Amino acid sequence: MNKSDIICRLEKINFDKIGYWVLAGSAMVLHGIRPETHDIDLGCSKALADELEMRGYPSKVMPDGTRRIAYAEDVEIFEEWIFDKVILVDGIPVISLDGLLEMKQSLGREKDLRDIALIEEFLQRTDK
């Protein structure tokens with residue numbers, strides 16, 4: 001999915017923009033760090049997680065007590081998973097670049113280490 005694909009998909013989902021935010025690879029695409037991603041990871045408020053669970057979307061309680069919700073094959077939602085702050089990118093709520101970097105550092109997987117390098121290169125190029 002490229003940037004326009006992600007925006008189109010989120011517009012179809014039509015969540016209230018104060019209840020969710022884009023994370024991970026999708027955030028990297030929306031910020032312009034990479035051209036595409038294979039899925040959309042979202043963070044959400046407890047209220048939205050409660051609503052989705054009530055509507056029958058499958059959820060799993062994580063070790064910290066928050067929920068991971070399988071919204072669709074290409075969309076996964078994580079309750080209250082946020083670092084730093086949420087900003088608007090083309091009208092879409094997205095984790096900030098600092099938050100994205102912090103999130104990737106906390107995960108520390110090999111793919112996250114590659115993403116950290118991309119984010120740091122992007123920050124140096126754009127001087128943000």
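C44 is buried in this predicted model, with 0% relative accessibility. Here "buried" means under 20% relative accessible area, "exposed" means over 50%, and "partly exposed" is anything in between, using a 1.4 Å probe and protein chains only. C8, on the other hand, is partly exposed at 35%. As for disulfides (a pair of cysteine sulfur atoms within 2.5 Å), a search of the whole structure turns up zero.

A quick word on the ground rules. Residues are numbered from 1 along each chain as its sequence is written, and side-chain values use heavy atoms, with hydrogens and water left out. Since the model is predicted, local features need pLDDT of at least 70 and side-chain atom pairs count only at pLDDT 80 or more, while totals for chains, interfaces and linings use all residues.

Here are three residues side by side.

| Residue | Relative accessible area | Status |
|---|---|---|
| C8 | 35% | partly exposed |
| D5 | 37% | partly exposed |
| K104 | 3% | buried |

D5 sits in helix 1 (residues 3–13); helices are DSSP runs of H or I with at least four residues, strands are runs of E with at least two, and both are numbered from the N terminus. D5 and E36 are 31 residues apart in sequence, yet their C-alpha atoms are 9.1 Å apart in space.

Now for helix 3 (residues 46–54), where L48, A49 and L52 are buried. Looking down the axis, the buried residues fall within an arc of 100° (taken from the directions from the helix axis to the C-beta atoms), so they line one face of the helix. They pack against strand 1 (20–23), strand 2 (40–44), strand 4 (67–72) and strand 5 (75–79), with contact meaning heavy atoms within 4.5 Å. A47 and M54 are exposed on the other side of helix 3. Just after the helix, G56 takes a positive phi of about 100°.

Helix 2 (residues 24–31) and helix 4 (residues 97–107) have axes that come within 11 Å and cross at roughly 150°. Those axes are lines fitted to C-alpha atoms, for helices over the stretch in contact, and angles run from 0 to 180 degrees between N-to-C directions. At this meeting point, A24, A27, M28 and H31 of helix 2 touch L97, L100, M103 and K104 of helix 4.

K104 is worth a second look: it's a helix 4 residue that is buried at 3%. Leaving aside residues up to four places away in sequence, K104 touches A24, M28, D112, D115, I116 and I119. K104 and L23 are 81 residues apart in sequence and 10.0 Å apart in space, C-alpha to C-alpha.
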